[in-house]
Amino acid sequence: MTRNVKETFRRAPVSAVGAPPAPAALAAKVRTLAPSMTRSMQRVAEALAGDPAGCAALTVTGLAERTGTSEATVVRTARLLGYPGYRDLRLALAGLAAQQQSGRAPAITTDIAVDDPIADVVAKLALDEQQTLADTAAGLDTAQLGAAVAAVATARRTDVYGIGASGLVAQDLTQKLLRIGLMAHAPGDPHLAVTNAVQLRAGDVAVAITHSGSTGDVIEPLRVAFERGATTVAVTGRPDSAVTQYADLVLTTSTARESELRPAAMSSRTSQLLVVDCLFVGVAQRTYETAGPALSASYEALAHRHRR
């Protein structure tokens, strides 16, 4: 039976949920959302990220002239970033500029070159991973996360869908939930994912993990789960992508800049793991009376395998 309450239940766009992002989250939002913006909006976003102090001093007309766009484009960009209007964005820009001047600005790293010494590779990757985690934490909607925690903690069953690197993250979340005594599945085969989703109903949860938000093999089972009445959660780097059409809750991830030797799957996996770890810990806290003994039992069952 198809769920027909989508239009009334549908949450507001993720960028509009809750209070506007704090100044520290502005740069993270720009990095996360810029790839999905139109080219004119990208020009505005690039100006904001590159010179927050200078942009904070401009009127909406001035910023439009500086970026070769229109006032409407500037306002649309501000709203996509989570601000009700340009005035709120200017306040955040001023706050970000003040943080940068105090020396707390995020580190900017360079791409990894083919001839980089391995020590430089380690340092660059560590900095990029650190930035990715910081961006994800800054942009994560804790209200949406809390709702996802509540849904999983009380679910009869949780299905987790992911392909490729996201599939590894799906398996990670599933095995964690199993260790605290919750029923969870992470079907690796796309057909099996759909046939599993058909069995879901109200009181169950389906989690889709896809950085692009456009992976058909992940969207299809989530759609089926949604239509069956399950609570659906999307973990994605594109909060305006196709997967969110079937998501009751959206947890947004960030990603470092892609380069020849660092494909997007590497940094997206890092941010996805942070999100599912936050989800898992929240569930473990909420179900501690049963989760604690279940963890102890699993440790005890495996202890002999770690003895020499």
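The chain folds into 14 helices and five strands; both are DSSP runs numbered from the N terminus, with helices being H or I runs of at least four residues and strands E runs of at least two. The model is a predicted one, in which local features need pLDDT of at least 70 and side-chain atom pairs count only at pLDDT 80 or more, while totals for chains, interfaces and linings use all residues. Residues are numbered from 1 along each chain as its sequence is written, and side-chain values use heavy atoms, with hydrogens and water left out. Of the 308 residues of the chain, 48% are buried, where buried means under 20% relative accessible area, exposed over 50% and partly exposed in between (1.4 Å probe, protein chains only). Contact here means heavy atoms within 4.5 Å. Among contacts with a separation of 6 or more, 72% come from residues 24 or more positions apart.

The strands come together in an open sheet of five, in the order 2-1-3-4-5, with parallel pairing. Strand 2 (184-185) and strand 5 sit at the edges with a single partner strand each, so one side of each has no neighbour in the sheet. In general, strands of a sheet pair through backbone hydrogen bonds, either parallel or antiparallel. Two strands are taken as paired if DSSP finds at least two bridges between them. Strand 1 (residues 158-161) runs parallel to strand 3 over four bridges, and Tyr-161 stands opposite Ala-208 in strand 3. Helix 10 (residues 165-179) packs on the sheet, where it touches strand 1, strand 2 and strand 3, and its direction makes about 160° with that of strand 1. Such angles run from 0 to 180 degrees between N-to-C directions, and axes are lines fitted to C-alpha atoms, for helices over the stretch in contact. Helix 12 (residues 216-227) lies across strand 1, strand 3 and strand 4, at about 160° to strand 3.

Moving along the sheet, strand 3 (residues 205-209) pairs with strand 4 in the parallel sense over five bridges, and Val-207 has Val-233 in strand 4 as its bridge partner. Strand 4 is mostly covered, with five of its six residues buried. Strand 4 (residues 231-236) also pairs with strand 5, again in the parallel sense, over four bridges. In strand 5 (residues 249-252), Leu-249 and Leu-251 point one way and Val-250 and Thr-252 the other way, and all are buried.

Thr-236 deserves its own look. This residue belongs to strand 4, and its bridge partner in strand 5 is Thr-252. Thr-236 counts as buried because its relative accessibility is 0%. A polar atom of the Thr-236 side chain lies 3.1 Å from the backbone nitrogen of Arg-238. That fits the cut-off for a polar contact, a pair of N or O atoms within 3.5 Å; within protein, one must be able to donate a hydrogen and the other to accept it, and residues adjacent in sequence count only if both atoms are side-chain atoms. Leaving aside residues up to four places away in sequence, Thr-236 touches a set of residues including His-211, Ser-241, Val-243 and Leu-251.

Asp-141 offers another buried side chain, this time in the loop between helix 8 (118-139) and helix 9 (142-153). Its relative accessible area is 15%, so Asp-141 is buried. The Asp-141 side chain reaches the backbone nitrogen of Ala-143 at 2.9 Å.

Turning to helix packing, the axes of helix 5 (residues 60-67) and helix 6 (residues 71-80) come within 8 Å and cross at roughly 105°. Helix 5 and helix 6 are therefore roughly perpendicular; angles under 35 degrees count as roughly parallel, over 145 as roughly antiparallel, 65 to 115 as roughly perpendicular and the rest as oblique. Val-60, Thr-61, Leu-63 and Ala-64 of helix 5 meet Glu-71, Val-74 and Val-75 of helix 6. By class, this contact of helix 5 with helix 6 has five nonpolar, one polar and one charged residues. Ala, Val, Leu, Ile, Met, Phe, Trp, Tyr, Cys and Pro count as nonpolar, Asp, Glu, Lys and Arg as charged, and the others, Gly among them, as polar. Within helix 5, Ala-64 is buried, at 4% relative accessibility.

Helix 6 also meets helix 3 (residues 39-50), their axes coming within 9 Å and crossing at roughly 70°. Helix 3 is thus roughly perpendicular to helix 6.
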